[in-house]
Amino acid sequence: MAGEQLTISSFFKKKAPTSSSGTAGTNSRTSSSSTSSSKTTSSSTLKRKPDSAPAAKAPLSKKVPNQSLLSAQRRLKYNYRKSPGSDAVPSASAGKGDTIPDEQAAARERHEKFVKKLGRPGSIEAIKRGRYDPALRQTVTDENTDPNEDTGDDGGQEDNDEEAEEGTRSGLTKRFARSKSSTAAAKKKAHKLTPLDQQFVDLKLANPDVLLVVEVGYKYRFFGRDAQTASRVLSNFLVPGKLNHEDLTDRADQQYSKFATCSFPTAVLMYRVKKLVDHGFKVGVVRQVETAALKSAGDNKSGPFVRKLCHLYSKGTMIDDLSPASATTVGVIDEERGTNAYIMAVTEQPGSASSNSGTRNIGIVAVEPTTGDVVYDSFEDTAMLTELETRVLHLQPCEVLFVGEVSTALRKLVLKLATTAGARARVESAAAMSEVETDTFLNTHYRTAAQDDAAQQRLDFITTQLGAPVKLCLSQLISYLRPFNLESVFDLTTHFKPFRSATAMFLHANTITSLELFRNQTDFKPTGSLFWLMDHTRTPFGSRLLRKWISAPLIDREQLELRAHAVQELMTEFGKPVERVLAAMRHMRDLERDLAKVYFGRCGPRDLFYLLVKLRQVGQCVDPANAITSQGAPQELFKSEILNKLFAQLAEALDPAEALLAQISEPGAQDNDKTKFFVPGLYESIETAKAAITSAEADLTSELTAIRDATGLPKLAYMTHAGIPYLLEVDKRDLARVPLTWTKISQYRTKSRFRTPETAPLVRELDRAREQLTVEANAAYQRFLAGTNAHYLAFRAVVRALAELDCLMALAAVSSQPHYVRPEFVDAPCVDLTGLRHPMAEQQLLDRYVANDCHLSSEPSGDGDGPRALVLTGPNMGGKSSYVRAVALACVMAQVGCHVPAARARLGLLDAVHTRMGAYDNLMAGESTFMVELKEVADIMRRANPRSLVLLDEVGRGTGTMDGVAIGHAVLDHFVHQARALTIFVTHYQDIAKQYEPAAAAGAASAPAVVRNCHMGFLEEPNTAASDATGAAAAAATKITFLYTVEPGLAHRSYGLNVARLARLPEPVLVAAALKSRALEREVGLRRLASRSAARTNTPSAAAAADGEHGKDDLRERLVDLLKLID
C-alpha cells in the first residue's frame, strides 16, 4: 500500500479473497470521473485529506474500521458523480467528529437521482426492457427527466454525466435482469411458446381488435398487451412478460419465456367485462369447452384444454346480467333507467344534382339488441346536418358504425352528440358495398334464416319498403352483429319502424335541447328535465317507453283522447286489477331484456324461472274467465278502451307461462343448476346420467366398507381437501395399519390423507358420469329455451302491454299533482292557457311560482281569441325565456297525454314545436354565432306551417342594430303572414315592437290584432340605500323589482344596468355606463325629433294626416328611411 493513499481493494482484501473482481468493478464505476479530472491519479485510490502533521505510515489493521468510512466506501460504487471532488471519502484514521465538507449534499444528490431512476412503479422492468429496446430506454429517460432542470452545456461535465448514467444502468441491469448466460438460454427458447400461449396467439391473430380473457382453471386471464390494457383499466396486478404477440422476435421480449398476464377470479367475470365494455373496448370470453374428466377419458389426454371464443361483448351487445344473483336484486340497472342501447349504422352519399349545393343523402339503421327494436330512415340533409342531429339526439346510440366514406363534419357531429349516461359512443367503420352486393347479401341472409313464407315476406318488405342507403346500413349491421351471435334480431320485421311517423309531433334537435326534455342545460344530467318530472314508472322497460312517448307526442286526436281518458280513469277509479298489476310491478326486473336473452339463448336457469313467474303473476292479475267475453271480445273491466285492451293482453301470458313452469323444479332453478332445473322424469337422458352417478357413488360406498374391514378402522370416512374428493384421513397413531399401496396426498402434524388404488378408478368413473350429466342437462336446457321462444311474440306483447300500463300510471301520478288540469283539444290551431306555470321550475323553486296566461290563435276572430304572434319585451332576467318554455312544455305534455300545470287549457293539435334560443358558434365549420343563428332560423322557415308553434329568442342580436332590427322584423313578418304559424318573438329591439303599436291602439273598430305586444312586468324605483342619489349615480342606483307577470304593451327599456349591478360590476363602471346610456338616449331622441320636424315642414299635408291617424304615416316614413339605410 502506498504511503499517503488508501486503496479500496486492499480494504476489502481480508473480507473477499477474490479482490480482483471487486477492484475491477470499482474501477469501472470510478473511471469516468477520474479520467475527466486527472490522468495522474489512479481510479482505484482515494487521496487522504491533508493534515497539519503527517500521519504515521502503518498498514491497515484487521479490526473493523470506522462505520462512517464503511458507509462512504459502500456508497462509492452507487455514487452519481458530477465532479472529481465528489469522490472524497474519509481516511481510516478519521475520528467520529471528522466530517467531509460536501458529504451531506452528495448523499442528497445521490438520493434524488436514485428516486428519479427507480422511485416509481415499473422502473426496474423498464430498465430491463431498455437493454433490448433503445426507444423504450429513451422514453424512460425522458419521463424521469425534470423539465425544470438546467440542461445547459457544461462542457466535459455532460460527457461525465452520460457515462455515469450508462454505468449505473448497466449495474442495475446486471443486478435485476438476467445474466448473459441466462439471456442466451432465453433467446433459444424465445420462439417456443407454451401450449396455452400458442392458443392465445392463434385466437388473438383471428380477433385482433378484441380484448381476450381466457378461462384458465378457476381464474380468467389476459395475456400480452391485452393484459397490459386490462391491468390499467381494472387496476389489477400485471405479471411481467412478453407483450407483442405478432412478432415473437421482438428484442424487448427476448428476456421472457411467457406472455405478461393479468388475472381475476371466475366469480367476478361479468363485472370485469362490464367495466372494460364501459371504457369502449370489445371484449371476448374464451372458455374451456372440455373438463378434466372428459379430457382424461378422451383422445386429448396429453394436450392442452380445448378453448374457444364463446362470447363477444360491446356497449350495445352487453345483454347478459352482471351476475346470476341479479335475478333477485332490486334496481340493478337504476343508473340506466330510460336509456336505450342502440347500435346505429350511418352512411352518406352525395345529394341529387337538382338539390342545393352541400346537400347529401343519409341513411341510418339503429337496432337495440336488448329489446329487438329497429329504427330506420333515409333523408336528404343540408350542410348543417340538422336532420341527422335530430335523429342522433332522439336515439342516443351507444355504438356507431360508419359505413363507407363519410365526411369529417358528419363524423364529428355524431361523436359529439352520441352519448349514453355521460359516456361517449364506441365507433366502428365498415366498407361500403355496391347495390347489387347488398341485395345479394340480404337475399342470402333472409333465405338462410328460415325456409318459409315468413322469410319471403320479410325479404319482400326489405326490398320494397327500404331505400338503397337503408339496405346498405342494414347489411353492414347484420355483418357486424354476426360475431356476437345477435344477427337474428333482424328476423322479426314487425319490429322495424320508421323514425318519423305521421302520427307524432316533430321535435327538432334544438327543441329537445332548449326545452330540456331529457337533460338540463346546466350539468347535462336528467335532473330538472321534463323526463325527470314525468318518470314515475316502476319498471325499466316502462321508463324506456315513456321516453319514446315524450320524444314523439301524438297528433292524432282520436288516439290522444283515448290516452287522456285512460289517464283520467286511473286517477279517479283505482280498482282491484290495477292494484294487482302494481303489486306485480313491485321490484320487477327488466322483463324486456330478459326476454331478449331468452331469444338469443343467453338466459340462465334462475333468470328464465323469474321471467316465467312474473309473466304468470301478471296474467293472474285478470281472471281469465272474466277477461274475454263469450264472443271473444275483451271484457269491459274499465270505461277506457285502452285499459280494457291492455288488461286483455296481460291474460294471454298465463297459459303458456304455467305450461312451461310445470316442467321446472323450483329449487333447482333458484340454485341456478341446470342439472336440477327440470322435474324428475322429464328427460330420459338426464335420468340415465343421474343413475350412473348413483351407481358410482354406491360403488365408492361399498369400497369404503371393504377398506374399513381390511384395515380395522371402523371410523374411516371419505373427506375432501383442497378440492380433491374421496380422500381417506388417517390419524398419526394408525399409520401402521395403512397398506403400502396407498398413495399419500397430503399430511400435517397429526393426520395424513391417502387415496387407495381401488378408489381412484371409481372416482374417475364418477367424474365422467357427472360430466355426462352436465352435457345432457345443457342440451335439454337449450331445447327448453327453443320451446320458450315459440311463445316469444306473445310474451313480448304482454311485456309491451305492461310497459304501456306503467306509462299510463306514471302520467296519472304526474296529473294528480295540485293545480294540474286536463287539456281540452280543438280542431283549430290555438294555444289558450290560463294560469300557466313552468312544470320543472315550480318543482325546484322554494317560493311560489308566478302563473301567467298565453292566448294564441292561428285565425283570430276577435271573439276573445288571441293574436297569431306575441312580441315579448322586458328587462333582462325578467322571466321571458322561462315563459316561452312553459308554453312549449305545456303543449308537449298535453299531446303526450298528461295533464298540464295550468288553471285552464284549450289547445289545438300541433304537428311541430320549433325553437331558436341560446347562442353558440360552430368553429369547426368556420361559422360565427350569428351565422349559426340565421341558418337555424332559415331551417325553421322551411318547416313552419299553421299548425306549428315557433319560439324565437332575440333574433338579430348578433350583428349591428340596424341590420338586426331589419332582419328581426322581416323574420317575424314571414312567420305571421306567410307561414301563419303561432309565434312568440322575444326581443330587446323596441323598433320591432313599435311597428305594431298603432294596430293595438286602433281599438275595437279595427280588425283583430294579428300581432300583439306584451312585456314582463316590473317595478322601477330609486334605491334609497345608495350612497349618492344625484345625477348619474342615482341613475345607476335605480332598483328594479321583477314581477314575472306578462303584461300588455311595450317595455321601453331593457334595464341592462340592473343586471350589471346584480353581477357586481364596480360602482365606477356602473356610473360611467349610466352616463353613457342617458347621453345616447338623448342623442337618439333629438335625431328623431329633428327628422319628424323636417318631415312635417316639407310635407304639411302628410303631417296633418299623421296627426289625424295617430302617427301612422310618421311610422311608415321612419320604416322607409330605415330600409334605405339598410340598402
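**Exercise 1.** In this predicted model, identify which residues ring pairs link into a cluster together with F677.

*Solution.* Starting from F677, one follows the ring pairs, and these link F677, F678, Y683, Y781 and F784 into a cluster. As a second step, the cluster can be set against the whole structure, which holds 20 aromatic pairs.

**Exercise 2.** Classify the pair formed by the rings of Y480 and F484 as stacked, edge-to-face or tilted, and state whether Y480 and F484 are buried or exposed.

*Solution.* A pair of aromatic rings is described by the distance of the centres and the angle of the planes. For Y480 and F484 the centres are 5.5 Å apart, and the cut-off for pairing is that centres lie within 6.5 Å. The planes stand at 50 degrees, so the pair is tilted, given that stacked requires under 30 degrees and edge-to-face over 60. Turning to accessibility, Y480 is buried, and F484 is buried as well.

**Exercise 3.** Determine over which rings the charged ends of R391 and R411 sit.

*Solution.* Taking R391 to begin with, its charged end sits over the ring of F379, at 4.0 Å from the ring centre. For R411, the charged end sits over the ring of F402, and here the distance from the centre is 4.4 Å.

**Exercise 4.** Describe the chain as a whole through its secondary structure, burial, contacts and exposed area.

*Solution.* The secondary structure comes to 42 helices and 30 strands, and 46% of the 1127 residues count as buried. Among contacts with a separation of 6 or more, 71% are accounted for by residues 24 or more positions apart. Finally, the chain exposes about 55600 Å², of which carbon and sulfur atoms supply 53%.

Definitions and conventions: Residues numbered from 1 in each chain as written. Predicted model: local features only at pLDDT ≥ 70, side-chain atom pairs only at ≥ 80, totals over all residues. Heavy atoms only, no water. Phe/Tyr/Trp six-rings, centres within 6.5 Å; stacked < 30°, edge-to-face > 60°. Buried < 20%, exposed > 50% of the residue type's maximum accessible area, 1.4 Å probe, protein only. Lys NZ or Arg CZ within 6 Å of the ring centre and 35° of its normal. Helix = DSSP H or I, 4+ residues; strand = E, 2+ residues; numbered from the N terminus. Contact = heavy atoms within 4.5 Å. Areas by Shrake-Rupley, 256 points an atom, 1.4 Å probe, with all protein chains shown as cover.
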